[in-house]
Amino acid sequence: MTELEEYYNKFNEEKRLNSRHGQVEYRISMKYIHKYLDEAARMVGTEQIKVLDIGAGTGRYSVPLAEEGYDVTAVELVKYNLGILKKKASPVKAIQGNAINLKKLADNNFDVTLLFGPMYHLFAFADKLKALQEARRVTKPGGVILVAYCMNEYSVITYGFKERHILDCIKEGRFTENFQTISGPSALYDYMRIEEIDALNQAANLQRIQILSPDGPANYMRPFLNQLSEEEFEMFVHYQMAVCERADLIGAGAHTVDILRNSDSKNEEGQYGH
């Protein structure tokens, strides 16, 4: 069993997304997923929309989308998560697979593809690129890919300063001189800056439609969110929905969702390296 599998055997991602700070991320992400599902519906008419959820976990996104009537395929690496997903009474087609090699899936097959977990745990640029290329390969030309990343400044501020590990991190070489996080598999998570995301998109020949922060400051202020009344909390969600696309705020949130257009099924080098 890998360290990642051991981690997810204990970590409850569904519980995280049901917490108040997780609800902010989930609800805003869902808003944009539905925006592009609606766009796909206008393009294909009465044909059923096909959704792929890569790194689906226990199905926090897959299950409700399938229950709404979309044709949803979920790919999950961790057997423990996959087992939970398969036990749910939903029409999701769940399979085990790796984001960097979706060999069980055909080319040009999905209208909307979610890549919401794998980029957190891929550390090499080449592996992240493979994941993007595979997502692009299986997405229809003109289709949309939504990609989630963990952001660098959240790591530095929270783990480094808020939890007071900063001096040890500097001694151990876990930050560069300009405070870019240096991660590896033992750290489980990798953290990105916008310019690194831009470089990946350029290498994958993918066109950005828009980029947003689905949670903004929510992760920084978890105990304060928990103290809010329901009315106050709804106002915070409304606030984050209003500002989530602001370029001056995106990189500071814990997560970023990059929304990309698969403008063509091939690039100049052929079928994405295959």
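**A tour from the aromatic rings to helix α7**

Select Tyr-154: at a relative accessible area of 14%, under the 20% cut-off, this residue is buried. The model on screen is predicted.

**Aromatic pairs.** Searching the whole structure gives 6 aromatic pairs. For one of them, add Tyr-220 to the selection: its ring centre is 5.3 Å from that of Tyr-154, and the planes stand at 75 degrees, so the two rings are edge-to-face. Now colour by secondary structure. Tyr-154 belongs to helix α8 (residues 152–162), while Tyr-220 is in the loop between β6 (207–212) and α11 (222–227), so this pair ties together parts 66 residues apart in sequence.

Next, select Phe-175 and Phe-179. Their ring centres are 6.2 Å apart and the planes meet at 50 degrees, so this pair is tilted. Is each ring's residue buried or partly exposed? Phe-175 is buried, with a relative accessible area of 9%. Phe-179, at 32%, counts as partly exposed.

**A cluster and two charges.** Select Tyr-26, Tyr-61 and Phe-116, which form one aromatic cluster. Stay on Tyr-26 and show Arg-60: the charged end of Arg-60 sits over the Tyr-26 ring, 3.8 Å from its centre. Then go to Phe-110, where the charged end of Lys-50 sits over the ring, 5.6 Å from its centre.

**Helix α7.** Select residues 125–138. This is helix α7, with 14 residues; from its first C-alpha to its last it reaches 20 Å, close to the 20 Å expected at 1.5 Å a residue. Of the 14 residues, 10 are buried, so α7 is largely enclosed by the rest of the structure. Among the buried residues are Leu-129, Leu-132 and Val-138, and also the charged side chains' positions Lys-128, Glu-134, Arg-136 and Arg-137. What do the buried residues of α7 pack against? Show β1 (50–54), β4 (110–115), α6 (118–121), β5 (139–150), α10 (194–204) and β7 (255–261), which are their packing partners.

**The whole protein.** Clear the selection and zoom out. There are 12 helices and 7 strands. The radius of gyration is 18 Å, close to the 19 Å that the globule rule gives for 274 residues, so the protein is as compact as a globular protein of that length. Along the principal axes, the C-alpha atoms fill a box of roughly 55 × 45 × 40 Å. Buried residues account for 51% of the 274. Of the contacts with a separation of 6 or more, 73% join residues 24 or more positions apart. Finally, turn on the surface: the accessible area is about 13200 Å², and carbon and sulfur atoms hold 53% of it.

Definitions and conventions. Residues numbered from 1 in each chain as written. Predicted model: local features only at pLDDT ≥ 70, side-chain atom pairs only at ≥ 80, totals over all residues. Heavy atoms only, no water. Phe/Tyr/Trp six-rings, centres within 6.5 Å; stacked < 30°, edge-to-face > 60°. Helix = DSSP H or I, 4+ residues; strand = E, 2+ residues; numbered from the N terminus. Buried < 20%, exposed > 50% of the residue type's maximum accessible area, 1.4 Å probe, protein only. Lys NZ or Arg CZ within 6 Å of the ring centre and 35° of its normal. Expected span 1.5 Å × (residues − 1). Contact = heavy atoms within 4.5 Å. Rg over C-alpha atoms; globule rule 2.2 N^0.38 Å. Areas by Shrake-Rupley, 256 points an atom, 1.4 Å probe, with all protein chains shown as cover.
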